[in-house]
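Reader: I should like to go through this model term by term, asking what each label rests on. Please set the values against the cut-offs as we go.

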Amino acid sequence: MDKIAKDFLINDELARHMASMSEAIDTIDPREKNKVTYSGKLIMLVTLSGIFCDCQSWNDIADFARYKKDFLRRFIPDLETTPSHDTLRRFFCIIKTEKLESCYREWGP
């Protein structure tokens, strides 16, 4: 598969997931909205993007997000900074993982 086809598939897959999961993120994110620096939507976008690009750790995902801000702005136009590896890890430690799994299974084709 050539690079253009691969990029299209990644963008299309991310756009499909982001559109369907926007509402579901609120049900899995227990954080107080007024104390949040990075939205659940952004964290999920960064994480899914990193996983689709073969990132293997929170550090890899955070680095990917930092270097690919222009790509991420396609989905979140007002993006200024990206979450650190610690922020990503903490988010996934506190969310309701059973609900995330349930939501993700519903997002499938």
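Reader: What makes Trp58 count as partly exposed?

Author: This is a predicted model, in which local features need pLDDT of at least 70 and side-chain atom pairs count only at pLDDT 80 or more, while totals for chains, interfaces and linings use all residues. Residues are numbered from 1 along each chain as its sequence is written, and side-chain values use heavy atoms, with hydrogens and water left out. Buried means under 20% relative accessible area, exposed over 50%, and partly exposed in between, with a 1.4 Å probe and protein chains only. Trp58 has a relative accessibility of 29% and therefore counts as partly exposed.

Reader: How do you know which label to give Ser57 and Asp54?

Author: Ser57 has a relative accessible area of 28%, so Ser57 is partly exposed, whereas Asp54, with 58%, is exposed. Ser57 is placed in the loop between H2 and H3, and Asp54 is found in that loop too; helices here are DSSP runs (H or I, at least four residues), as strands are (E, at least two), numbered from the N terminus. Phi of Asp54 is near 70°, a positive value in a residue other than glycine.

Reader: Why is the pair of Trp58 and Phe92 called stacked?

Author: Rings of Phe, Tyr and Trp (its six-membered ring) pair if their centres lie within 6.5 Å, and planes under 30 degrees apart count as stacked, over 60 as edge-to-face and the rest as tilted. By this rule the count comes to 3 aromatic pairs. In the pair of Trp58 and Phe92 the centres are 5.2 Å apart and the planes differ by 20°, which makes the pair stacked. Trp58 belongs to helix H3 (residues 58–67) and Phe92 to helix H5 (residues 85–94), so the pair ties together parts that are 34 residues apart in sequence.

Reader: What makes the pair of Phe91 and Phe92 edge-to-face?

Author: Their ring centres lie 5.2 Å apart and their planes stand at 85°, so this pair is edge-to-face. Phe91 and Phe92 are both buried, and together with Trp58 they form one aromatic cluster.

Reader: How do you know that the buried residues of H5 are on the same side of the helix?

Author: Thr87, Leu88, Phe91 and Phe92 are buried in H5. They cover an arc of only 125° around the axis, which puts them on the same side of H5; the arc is that of the directions from the helix axis to the C-beta atoms.

Reader: What makes the buried residues of H3 line one face?

Author: In H3 the buried residues are Ile61, Ala62, Phe64 and Ala65. Seen down the axis of H3, they fall within an arc of 160°, so they line one face of the helix. Their cover includes H2, helix H4 (69–72) and H5.

Reader: Why are H2 and H3 called roughly perpendicular?

Author: Helix H2 (residues 40–52) and H3 pack at an angle of about 105°, their axes being 9 Å apart. Axes are lines fitted to C-alpha atoms, for helices over the stretch in contact, and angles run from 0 to 180 degrees between N-to-C directions. Angles under 35 degrees count as roughly parallel, over 145 as roughly antiparallel, 65 to 115 as roughly perpendicular and the rest as oblique; H2 and H3 are therefore roughly perpendicular to each other. Contact means heavy atoms within 4.5 Å, and Val46, Thr47, Ser49 and Gly50 in H2 meet Trp58, Ile61, Phe64 and Ala65 in H3.
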